[in-house]
Amino acid sequence: MSKRDELIETYAKHIEEKTGEAPDMDLLREVTIACGPSIYQRESGTISAGDTDELNRVRESFLVGKLGLPDDETLMGGIQKVIRDYGRDNPRKHRPVIYYLLVRHFGKEDVFV
């Protein structure tokens, strides 16, 4: 099993444990691949839920840039909901999990599959 496949399995477990839903593995794989090599580094592979600058980068780069969503107040609300769903117990969240949950939240699965 490749390192990426191992990470995808970890991400799937997080999604299942935190949301109670079985993840769409095809979507999770595509979202993870879209993250590129950042998933292999501790700093770039995670998102600090308490860092406003980092959350703004998620909004600008991923939600607006990648998903093509309009830049309005609903984006930060969606980010906060996803962070609550993931759980606040660990301030560092896996980037692919956050992105996957955002894709599902905003109904933008068609961007990936």
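This section describes two helices of a predicted model, together with the salt bridges and aromatic pairs found in the structure.

Helix α4 spans residues 73–86 and contains 14 residues. From its first C-alpha to its last, α4 reaches 21 Å, close to the 20 Å expected at 1.5 Å a residue. The buried residues of α4 are Leu75, Gly78, Ile79, Val82, Ile83 and Tyr86. Viewed down the axis of α4, these buried residues fall within an arc of 135°, so they line one face of the helix. Such an arrangement can be read against the geometry of helices in general. An α-helix has 3.6 residues a turn, so residues three or four places apart point the same way. The cover over the buried residues of α4 includes α1 (3–19), α3 (52–66), β2 (92–94) and α5 (95–106).

A salt bridge is also found within α4. Lys81 and Asp85 form this bridge, with their closest N and O atoms 2.5 Å apart. Because the two residues lie four residues apart in helix α4, Lys81 and Asp85 are separated by about one helical turn. Lys81 has a relative accessible area of 32% and is therefore partly exposed. Asp85 likewise counts as partly exposed, at 34% relative accessibility.

The end of α4 can be described through its last residue and the one that follows. Tyr86, which is buried, has Lys93 over the face of its ring, at 5.2 Å from the ring centre. After α4 comes Gly87, whose phi is positive, near 110°.

Helix α5 has 12 residues. The distance from its first C-alpha to its last is 16 Å, close to the 16 Å expected at 1.5 Å a residue. Of the 12 residues of α5, 10 are buried, so this helix is largely enclosed by the rest of the structure. The buried residues are Arg95, Pro96, Val97, Ile98, Tyr99, Tyr100, Leu101, Leu102, Val103 and Phe106. They pack against several elements: the helices α1, α2 (25–35), α3 and α4, and the strands β1 (46–48) and β2. Gly107 follows α5 and has a positive phi, near 65°.

Two of the buried residues of α5, Arg95 and Tyr99, also take part in side-chain pairs with helix α3. The first of these pairs is a salt bridge between Arg95 and Glu54, in which the closest N and O atoms are 3.3 Å apart. This pair links distant parts of the chain, with Arg95 in helix α5 and Glu54 in helix α3, 41 residues apart. Both Arg95 and Glu54 are buried.

The structure holds seven salt bridges, and another of them also involves α3. Arg59 and Asp71 meet through their side chains in a salt bridge of 2.8 Å, N to O. Arg59 lies in helix α3 and Asp71 in the loop between α3 and α4, so placed that the pair links distant parts of the chain, 12 residues apart. The two partners are opposite in their accessibility: Arg59 counts as buried at 13% relative accessibility, whereas Asp71 counts as exposed at 52%. Together with Glu60, Arg59 and Asp71 are linked in a network of salt bridges.

Aromatic contacts were then considered. A search of the whole structure finds two aromatic pairs. In one, Phe62 and Tyr99 are stacked, at 3.9 Å centre to centre and with 10° between the planes. Phe62 lies in helix α3 and Tyr99 in helix α5, so the pair ties together parts that are 37 residues apart in sequence. Phe62 and Tyr99 are both buried. The other pair is formed by Phe62 and Phe112, which are stacked at 6.4 Å centre to centre with 25° between the planes. This pair again links distant parts of the chain, as Phe62 belongs to helix α3 and Phe112 to the segment after α5, 50 residues apart. Phe112, like Phe62, is buried. Through these ring pairs, Phe62, Tyr99 and Phe112 are linked into a cluster.

How values were computed
Residues are numbered from 1 along each chain as its sequence is written. This is a predicted model: local features need pLDDT of at least 70, side-chain atom pairs count only at pLDDT 80 or more; totals for chains, interfaces and linings use all residues. Side-chain values use heavy atoms; hydrogens and water are left out. The expected span of a helix is 1.5 Å times one less than its number of residues. Buried means under 20% relative accessible area, exposed over 50%, partly exposed in between (1.4 Å probe, protein chains only). The arc is that of the directions from the helix axis to the C-beta atoms. Contact means heavy atoms within 4.5 Å. A salt bridge is a side-chain nitrogen of Lys or Arg within 4 Å of a carboxyl oxygen of Asp or Glu. Rings of Phe, Tyr and Trp (its six-membered ring) pair if their centres lie within 6.5 Å; planes under 30 degrees apart count as stacked, over 60 as edge-to-face and the rest as tilted. A charge sits over a ring if NZ of Lys or CZ of Arg is within 6 Å of the ring centre and within 35 degrees of the ring normal.
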